[in-house]
Amino acid sequence: MLQDLNNEQRELAEYMSFLSEDAFCAGWMDGLEFGLWKGMNNEIEEYERLKFTDEIVEKLKELSLKAKGWIVFDDVQEESFLPWEMWNARLDSNM
């Protein structure tokens, strides 16, 4: 949940949610964390209605580096922080 995140993690979660609104008109679309990750890493250029500009990519990189991980969402915990090691394991299992 947002209140469980520190300031850096919350800033990343809020930006990811903002991008979800741009892409889908939804606060957190299922699979958002994977779509934004692909866009940030130049694997895709668009995610639904969202076009990955240099500004968006750089901001995602900056916020994730400050947070030292990535944000995921589930129906129980809602927005949750994963440090890089845990995110990479989840990423590997979903690819």
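Tutor: Contact here means heavy atoms within 4.5 Å. The model under discussion is predicted.

Student: Which residues is Leu-60 in contact with, leaving aside its neighbours within four places in sequence?

Tutor: By that cut-off, Leu-60 is in contact with Leu-12, Tyr-15, Met-16, Leu-19, Leu-36, Met-40, Phe-52 and Trp-70. Leu-60 is also one of the residues that touch the most other members of the largest nonpolar core, which has 27 residues.

Student: Which element gives the largest share of this core?

Tutor: The largest share, six residues, comes from α1. Among the elements that give two or more residues are also α2, α3, β3 and α4.

Student: What makes Leu-60 a buried residue of α3, and which others are buried there?

Tutor: Buried means under 20% relative accessible area. Leu-60 meets this condition, as do Ile-56, Val-57, Leu-63, Ser-64 and Ala-67 of α3.

Student: Why are the buried residues of α3 said to line one face of the helix?

Tutor: Seen down the axis of α3, they fall within an arc of 140 degrees, and therefore they line one face. The face turned away from them carries the exposed residues Asp-54, Glu-55 and Leu-65. The buried residues pack against α1, α2, β2, β3, β4 and α4.

Student: How do you know that the span of α3 agrees with its 14 residues?

Tutor: At 1.5 Å a residue, α3 should span 20 Å; its end C-alpha atoms are 20 Å apart, so the two values agree.

Student: What makes β3 and β4 a pair of strands?

Tutor: Strands pair if at least two bridges are found between them. Six bridges join β3 to β4, so the condition is met, and the strands run antiparallel. A hairpin joins β3 to β4 through three residues.

Methods:
Residues are numbered from 1 along each chain as its sequence is written. This is a predicted model: local features need pLDDT of at least 70, side-chain atom pairs count only at pLDDT 80 or more; totals for chains, interfaces and linings use all residues. Side-chain values use heavy atoms; hydrogens and water are left out. A nonpolar core is a set of buried Ala, Val, Leu, Ile, Met, Phe, Trp, Tyr and Cys residues joined through side-chain atoms within 4.5 Å. Buried means under 20% relative accessible area, exposed over 50%, partly exposed in between (1.4 Å probe, protein chains only). Helices (H or I, at least four residues) and strands (E, at least two) are DSSP runs, numbered from the N terminus. The expected span of a helix is 1.5 Å times one less than its number of residues. The arc is that of the directions from the helix axis to the C-beta atoms.
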